[in-house]
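Student: I'd like a close look at one part of this protein: the salt bridges and the places they sit in. Could you walk me through them?

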Amino acid sequence: MLRFNLIIIFSLTFVLECKDEARNNAEPTGFVFVEGVQFESKGEIINVGDFEISNHPVSNQEYKYFIDATGYPAPMHWTNGAIPSGKEHYPVIFVNRQDADAYTSWLTEQTGIVHRIPTSYEFEIAARGGNMNESRYYWGEDQSLLNPDSINFNVTRKRGYDRWEEFLQPSEWGAVNSLGLYQMAGNVWQLISDNADPGKSKYKFRIEEVYDMERVVMGGSWSSTQEYLYARTKVLFPPGLRLPDLVIRLVREPQHSTWSIERRNIIAIP
């Protein structure tokens with residue numbers, strides 16, 4: 001009888017430890033705290049609260065915990081759900097906004113901490129090291145820092161999408177900004193979510209999910225040229241696109257704050 005009780009206790013302990021390990025593996029590391037700021041933009045006062053942002057784009061290995069736990073379809077360049085050999089620490093590419101929404105929702109559920117992709121203001125503030133200024137690049141105006149050995153962009157203007165394996169660099173590669181964040185310019189475009197008010201948009205289409213309205217990406221990539229590295233440059237991509245230079249970067253709720261996600265709804269439009 002004693003032996004039976006000990007087996008039961010061990011089994012319960014093992015299950016609890018497995019759940020803790022799965023929860024610990026789920027959440028990427030390397031988050032950096034960014035203090036909120038207030039600034040003026042186009043005659044409006046903008047308030048951005050405190051947030052934490054990952055110091056690197058989500059890697060294949062980090063994304064695989066989500067794939068394994070949920071059975072969600074793997075990116076198209078993986079083979080039978082397996083990461084390409086040697087690419088574990090490269091950014092997870094060929095993901096779109098639906099994938100980002102599924103991944104961040106899963107992280108939020110697993111950790112109890114709100115995870116999402118950054119807004120354009122958060123991305124720019126984090127890129128500039130926690131403030132807003134008027135410089136062309138996040139580091140200032142010094143173009144000598146545009147070194148292809150540390151900023152990955154299309155210097156020759158001859159890089160085609162079919163050569164992504166040749167030019168894509170790991171998630172923690174290259175120059176870091178003053179907050180220690182990798183690739184706030186270059187290597188990979190990053191999905192931005194501004195949660196725009198649908199009642200103010202010029203055109204109305206069928207909207208099934210909030211991310212259907214989002215279009216903005218920022219940061220530039222290995223396939224884009226120098227002008228796309230500017231700190232305030234925004235490019236519009238359809239939400240369903242999965243590309244070899246488009247990735248997820250995570251923002252999460254700071255420890256001292258309490259966030260909630262409230263989805264906008266159209267109540268009436270003329």
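Tutor: Happy to; here is a walk through the salt bridges and the helices and strands around them. Please keep in mind that this is a predicted model.

The structure holds 11 salt bridges, and helix H4 is a good place to begin. H4 spans residues 120-127, and seven of its eight residues are buried, so the helix is largely enclosed by the rest of the structure. The buried residues are Ser120, Glu122, Phe123, Glu124, Ile125, Ala126 and Ala127. One of them, Glu124, has a relative accessibility of 6%. Its salt-bridge partner is Arg128, with the closest N and O atoms 2.9 Å apart. Arg128 is buried too, at a relative accessible area of 5%. The contact does not stop at this pair: Glu124, Arg128, Glu134 and Arg232 are linked in a network of salt bridges. Just after H4, the backbone at Gly129 takes a positive phi of about 85°.

Now for a pair within one helix. Lys64 and Asp68 form a salt bridge whose closest N and O atoms are 2.8 Å apart. Both residues belong to helix H2 (residues 60-70) and are four residues apart, about one turn of the helix. The geometry behind this is a general one: an α-helix has 3.6 residues a turn, so residues three or four places apart point the same way. Asp68 counts as exposed, because its relative accessibility is 51% and the cut-off is over 50%.

A third pair reaches across the sequence. Arg242 forms a salt bridge with Asp99, and the closest N and O atoms are 2.8 Å apart. Arg242 lies in the loop between S8 and S9, whereas Asp99 is in helix H3 (residues 97-111), so this pair ties together parts that are 143 residues apart in sequence. Asp99 is buried at 4% relative accessibility, while Arg242, at 39%, is partly exposed.

That loop leads us to a sheet. Four strands form an open sheet in the order S8-S7-S6-S9, with mixed pairing. Strands S8 (234-236) and S9 (246-247) are the edge strands, each pairing on one side only. Between them in that order are S7 and S6; S6 (residues 189-191) and S7 (residues 216-218) pair in the antiparallel sense over two bridges. Across this pairing, Leu191 stands opposite Val217 in S7.

Technical notes. Residues are numbered from 1 along each chain as its sequence is written. This is a predicted model: local features need pLDDT of at least 70, side-chain atom pairs count only at pLDDT 80 or more; totals for chains, interfaces and linings use all residues. Side-chain values use heavy atoms; hydrogens and water are left out. Two strands pair if DSSP finds at least two bridges between them. Buried means under 20% relative accessible area, exposed over 50%, partly exposed in between (1.4 Å probe, protein chains only). A salt bridge is a side-chain nitrogen of Lys or Arg within 4 Å of a carboxyl oxygen of Asp or Glu.
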